[in-house]
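Student: I'm new to this one and don't want the whole tour at once. Could you pick a single part, look at it closely with me, and tell me what surrounds it?

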Amino acid sequence: MRALVVTVSNRAAAGVYADRAGPVLVEGLADLGFEVDGPRVVPDGEPVGEALREAVAAAYDVVLTTGGTGLSPTDRTPEVTRPLLDREVPGLAEAIRAYGLGRGIPSASLSRGLAGLAGRTLVVNLPGSTGGARDGLAVLAPVLVHAVDQVAGGDHAPGDHVPHDHVPGDHAGGAR
């Protein structure tokens, strides 16, 4: 499995400061068994689109971007990601935001990051902070390998399904 990390930061791309979130993602993906390239540091806007198109053409299984998902006038990562996606996977982006909110980080609700498939490449936009990168990995770690397998045509693993009437922690097995 191959992955690429793209750090989206105008200032890091200009050498004003070092990228800190990209290396967190590289290490986390390697721990999950991915062969990882990057972080490739690019300014926000069209350079992100170029990096994503190149990654899809190179048949990466996963591309994680970090940065450019906020509300500042230069944050354009979702705008350049969306046109490249064939199918969105909104549950991943929602889960990443919910994870941050659940950990008491109100600004997690401001992330506009997307997740989806561009061809056979799963693209996930993560926040640019190291904490946002770690939160994204915490959400992705349990499902990322399975998602890559499904994109390649794999089926659900035996025992992967929890009955709809079972609520985790509810030993009575009742409905919600």
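Tutor: Let's begin with the part to be wary of: across residues 161-176 pLDDT stays under 50. For that stretch the model has seven contacts beyond four places in sequence. Keep in mind that this is a predicted model, so I'd leave those residues out of our close look. The chain as a whole has a mean pLDDT of 90, with 88% of its residues at 70 or more.

The part I'd pick is strand 5, residues 115-118. To place it, start with the whole chain, which holds seven helices and six strands. Going along the sequence, they come in the pattern β-α-α-β-α-β-α-β-α-β-β-α-α. The six strands make one open sheet, in the order 2-1-3-6-5-4 and with mixed pairing. At the edges are strand 2 (35-42) and strand 4 (87-88), each of which pairs on one side only. In that order strand 5 comes between strand 6 and strand 4, so let's visit both of those neighbours.

In general, strands of a sheet pair through backbone hydrogen bonds, either parallel or antiparallel. Which sense do strand 5 and strand 6 use? They pair in the antiparallel sense, over four bridges. You can follow the match residue by residue: Ala115 has Val124 of strand 6 as its bridge partner, while Leu117 stands opposite Leu122. The two strands also form a hairpin with two residues between them, and there Gly119 takes a positive phi near 65°.

Now the other neighbour. Strand 4 and strand 5 run antiparallel too, joined by two bridges. Here Leu117 turns up again, as the bridge partner of Arg87. So Leu117 has Leu122 opposite it in strand 6 and Arg87 as its partner from strand 4.

What about the two faces of strand 5: covered or open? Both are covered: Ala115 and Leu117 on one side, and Gly116 and Ala118 on the other, are all buried. For the chain as a whole, buried residues make up 39% of the 176 residues.

Strand 6 (121-126) also leads us to a helix, as it is among the elements that cover the buried residues of helix 6. That helix spans residues 130-140, and its buried residues are Gly132, Ala133, Asp135, Gly136, Leu137, Val139 and Leu140. Besides strand 6, the cover includes helix 2 (21-31), strand 3 (62-66), helix 5 (90-102) and helix 7 (144-151). An α-helix has 3.6 residues a turn, so residues three or four places apart point the same way.

For one more link across the sequence, look at Gly49 in helix 3 (residues 46-57). Gly49 counts as buried because its relative accessibility is 0%. Setting aside neighbours within four places in sequence, Gly49 is in contact with Val80 and Leu84. Pro83 is 34 residues away from Gly49 in sequence, yet their C-alpha atoms are 9.1 Å apart in space. Links over long stretches of sequence show up in the totals as well: of the contacts between residues at least 6 apart, 74% join residues at least 24 apart.

Last, a detail among the side chains: the charged end of Arg2 sits over the ring of Tyr60, 4.1 Å from the ring's centre. A search for aromatic pairs through the whole structure, by contrast, finds zero.

Terms used:
Residues are numbered from 1 along each chain as its sequence is written. This is a predicted model: local features need pLDDT of at least 70, side-chain atom pairs count only at pLDDT 80 or more; totals for chains, interfaces and linings use all residues. Side-chain values use heavy atoms; hydrogens and water are left out. Buried means under 20% relative accessible area, exposed over 50%, partly exposed in between (1.4 Å probe, protein chains only). Contact means heavy atoms within 4.5 Å. pLDDT is the predictor's confidence in each residue, from 0 to 100. Rings of Phe, Tyr and Trp (its six-membered ring) pair if their centres lie within 6.5 Å; planes under 30 degrees apart count as stacked, over 60 as edge-to-face and the rest as tilted. A charge sits over a ring if NZ of Lys or CZ of Arg is within 6 Å of the ring centre and within 35 degrees of the ring normal. Two strands pair if DSSP finds at least two bridges between them.
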